[in-house]
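Colleague: I would like to learn to read a model feature by feature. Shall we take one together?

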Amino acid sequence: MERKTELLVEADIQIWANGPESLQEITVRDIPCVWEWDKSSRDAAAAWAVHDWIDNTFGNNIETYWILCVVSSPVKGEE
């Protein structure tokens, strides 16, 4: 039986598009993530979800980025 938890991730990110004068600081919320308990840590799963979000959102249009903070919360089931 595969053990996993669906998470929503929030992250503070600094992004540089074309040099230091192009710094953007953003907070992104509700990034979906599935943490597979036996394959990685919860922190690693959340961090990779943020990396994937950055790649899918900005592609090759950024020079570099820093993920400053990552937090995650389990998705609450419908009651």
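**Reading the model**

Modeller: Threonine 5 lies in strand β1. Keep in mind that this is a predicted model.

Colleague: Is threonine 5 buried or exposed?

Modeller: Threonine 5 counts as buried, because its relative accessibility is 18% and the cut-off for buried is under 20%.

Colleague: What does threonine 5 touch?

Modeller: Leaving out residues up to four places away in sequence, threonine 5 touches Cys33, Val34, Trp35, Trp37 and Pro74. With tryptophan 37 there is also a polar contact between the side chains, at 2.8 Å.

Colleague: Now the sheet. How do strands pair in general?

Modeller: Strands of a sheet pair through backbone hydrogen bonds, and the pairing is either parallel or antiparallel. Here three strands form an open sheet, in the order β2-β1-β3. The pairing is antiparallel.

Colleague: Which are the edge strands?

Modeller: They are β2 (23-36) and β3 (64-74). Each pairs on one side only. From one strand to the next, the twist averages 20 degrees.

Colleague: How many bridges join β1 to β2?

Modeller: Twelve. Strand β1 covers residues 4-16, and the two strands run antiparallel. For a register point, take alanine 11: valine 28 in β2 stands opposite.

Colleague: Next, cysteines. How many disulfides does the count come to?

Modeller: Zero. A disulfide needs two cysteine sulfur atoms within 2.5 Å. The sulfur of cysteine 33 has its closest cysteine sulfur in cysteine 69, 15 Å away, so the two are too far apart for a bond. Cysteine 69 is likewise in no disulfide.

Colleague: And where do these cysteines stand on accessibility, buried or exposed?

Modeller: Cysteine 33 counts as buried, at 8% relative accessibility. Cysteine 69 is partly exposed, with a relative accessible area of 36%.

Colleague: Last, the aromatics. What describes a pair of rings?

Modeller: Use the distance of the centres and the angle of the planes. In this model the count comes to two aromatic pairs. One of them joins tryptophan 53 and phenylalanine 58.

Colleague: Why is the pair of tryptophan 53 and phenylalanine 58 called edge-to-face?

Modeller: Because the planes are at 80 degrees, and over 60 counts as edge-to-face. The ring centres are 6.0 Å apart.

Colleague: Which accessibility class does each partner get?

Modeller: Tryptophan 53 is partly exposed, with a relative accessible area of 24%. Phenylalanine 58 is buried, at 19%.

Conventions: Residues are numbered from 1 along each chain as its sequence is written. This is a predicted model: local features need pLDDT of at least 70, side-chain atom pairs count only at pLDDT 80 or more; totals for chains, interfaces and linings use all residues. Side-chain values use heavy atoms; hydrogens and water are left out. Buried means under 20% relative accessible area, exposed over 50%, partly exposed in between (1.4 Å probe, protein chains only). Rings of Phe, Tyr and Trp (its six-membered ring) pair if their centres lie within 6.5 Å; planes under 30 degrees apart count as stacked, over 60 as edge-to-face and the rest as tilted. Two strands pair if DSSP finds at least two bridges between them. Helices (H or I, at least four residues) and strands (E, at least two) are DSSP runs, numbered from the N terminus. Axes are lines fitted to C-alpha atoms, for helices over the stretch in contact, and angles run from 0 to 180 degrees between N-to-C directions. A polar contact is a pair of N or O atoms within 3.5 Å; within protein, one must be able to donate a hydrogen and the other to accept it, and residues adjacent in sequence count only if both atoms are side-chain atoms. Contact means heavy atoms within 4.5 Å.
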